Amino acid sequence: MPCDRIDPLVTPFIDGQLPEPESRAVEEHLRVCPPCHSRVAAEREVHALIRARVPRLCEAEAPDALHAKCWALAGLAPAAADAAARRAAPSAGLPKRLAPYALAASLVMVVGGAFVYQATDKSSRVLAAELTADHVKCFAMNRAFGMHAGATAVEGSMASSFDWRMHLPDDPARAGLELVGSRQCLYGEGEIAHIMYRHEGRPVSLFMLPNSARTQELVEVLGHEAAIWCVGNRTFVLVAREPRRDGERMASFVQASLR
């Protein structure tokens with residue numbers, strides 16, 4: 001089975017809805033095609049994260065209508081959930097190899113994105129949940145495509161994309177951090193900066209939200225710790241699946257070192 005035939009089968013394959021012959025053909029393809037295997041792993045990871053944590057998301061301060069939407073989506077049949085995700089996904093014009101990631105991102109938008117527009121101003125927990133989903137999705141894509149950028153490239157990207165004349169920590173290894181690169185993530189009505197690290201091999205994300213002010217807080221959500229703080233008119237959120245003490249230590253290091 002060629003790669004271009006895999007793309008439309010990924011979601012029903014993950015949901016267990018493919019007939020046995022097609023499911024077996026997909027499995028055989030995934031065994032010999034690392035890029036497709038990584039793409040399927042990325043969507044499976046996001047599917048599992050969202051479906052497992054919908055009750056926790058619904059504990060956040062949000063309007064009753066949004067609570068109802070999350071519960072309804074959690075209970076939809078796979079085909080209906082897939083249809084809803086496809087309606088929400090801005091996938092027109094994307095390369096076919098990115099289609100599974102567009103769908104994975106759309107799940108984040110469907111289950112968590114509605115919160116973002118109406119509830120993030122009220123709930124740090126909702127903010128942390130959406131950024132944690134982005135954290136998982138972006139690192140899954142990074143594993144698939146092997147993207148990497150050095151400090152100079154990341155600083156240049158932040159300056160050109162966000163007019164943020166910043167300097168990354170000079171010696172991140174002191175905190176056990178290794179720079180991976182950066183991305184721009186959609187958030188609300190604009191974009192936010194996403195700087196990616198690894199801490200002893202485990203993913204760590206630093207998000208910067210421009211024109212945003214938040215009180216300092218440490219939030220546990222979706223199995224991750226999210227440290228939130230503000231400098232001027234920028235809000236920073238460090239997300240990591242680490243013990244709370246390690247999350248606080250990395251956040252303190254970044255706050256003290258980021259210029």
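**Figure 1. The largest nonpolar core of the predicted model, with W164, I195 and L238 among its members.** Of the 25 residues that make up this core, W164, I195 and L238 are the ones that touch the most other members. At least two residues of the core are supplied by each of α9 (151-162), β1, β2, β3, β5, β6 and α10, and the largest share, four residues, comes from α10. A second core, separate from this one, has 20 residues, including L131, C138, F139 and I192.

**Figure 2. The surroundings of W164.** Which residues are in contact with W164, leaving aside its neighbours within four places in sequence? They are M158, A159, A193, I195, M208, R234, F236 and L258. Two of these, M158 and A159, also appear among the buried residues of α9, while I195 is, like W164 itself, one of the core residues that touch the most other members.

**Figure 3. Helix α10, with a buried face and exposed residues on the other side.** Helix α10 runs over residues 244-257, and its 14 residues reach 20 Å from the first C-alpha to the last, which is close to the 20 Å expected at 1.5 Å a residue. The buried residues of this helix are G247, M250, A251, F253, V254 and S257. Seen down the axis of α10, these buried residues fall within an arc of 160°, so they line one face of the helix. R245 and A256, on the other side of α10, are exposed. What covers the buried residues includes strands from several parts of the chain, namely β1 (177-187), β2 (190-199), β3 (202-210), β5 (224-231) and β6 (234-240).

**Figure 4. Helix α9 and the residue that follows it, D163.** The twelve residues of α9 should span 16 Å at 1.5 Å a residue, and the end C-alpha atoms are indeed 16 Å apart, which agrees. Buried in this helix are V154, E155, M158, A159 and F162, and because they cover an arc of only 135° around the axis, they are on the same side of α9. T152 and S160 are exposed on the other side of the helix, whereas the buried residues pack against β1, β2 and β3. Just after α9, D163 takes a positive phi of about 55°.

**Figure 5. Two loop residues with a positive phi, E200 and N211.** Most residues other than glycine have a negative phi. E200, although it is not a glycine, has a positive phi of about 50°, and it lies in the loop between β2 and β3. N211 is likewise a residue other than glycine with a positive phi, here near 55°, and it is found in the loop between β3 and β4 (217-221). Are these two residues buried or exposed? E200 has a relative accessible area of 59% and is therefore exposed, since exposed means over 50%. N211, at 69% relative accessibility, counts as exposed as well.

**Figure 6. The approach of G176 to E200.** G176 has its place in the loop between α9 and β1, and at 28% relative accessibility it counts as partly exposed. Although G176 and E200 are 24 residues apart along the chain, their C-alpha atoms are separated by 6.0 Å. When its neighbours within four places in sequence are left aside, G176 is in contact with R198, H199 and E200.

How values were computed
Residues are numbered from 1 along each chain as its sequence is written. This is a predicted model: local features need pLDDT of at least 70, side-chain atom pairs count only at pLDDT 80 or more; totals for chains, interfaces and linings use all residues. Side-chain values use heavy atoms; hydrogens and water are left out. The expected span of a helix is 1.5 Å times one less than its number of residues. Buried means under 20% relative accessible area, exposed over 50%, partly exposed in between (1.4 Å probe, protein chains only). The arc is that of the directions from the helix axis to the C-beta atoms. Contact means heavy atoms within 4.5 Å. A nonpolar core is a set of buried Ala, Val, Leu, Ile, Met, Phe, Trp, Tyr and Cys residues joined through side-chain atoms within 4.5 Å.
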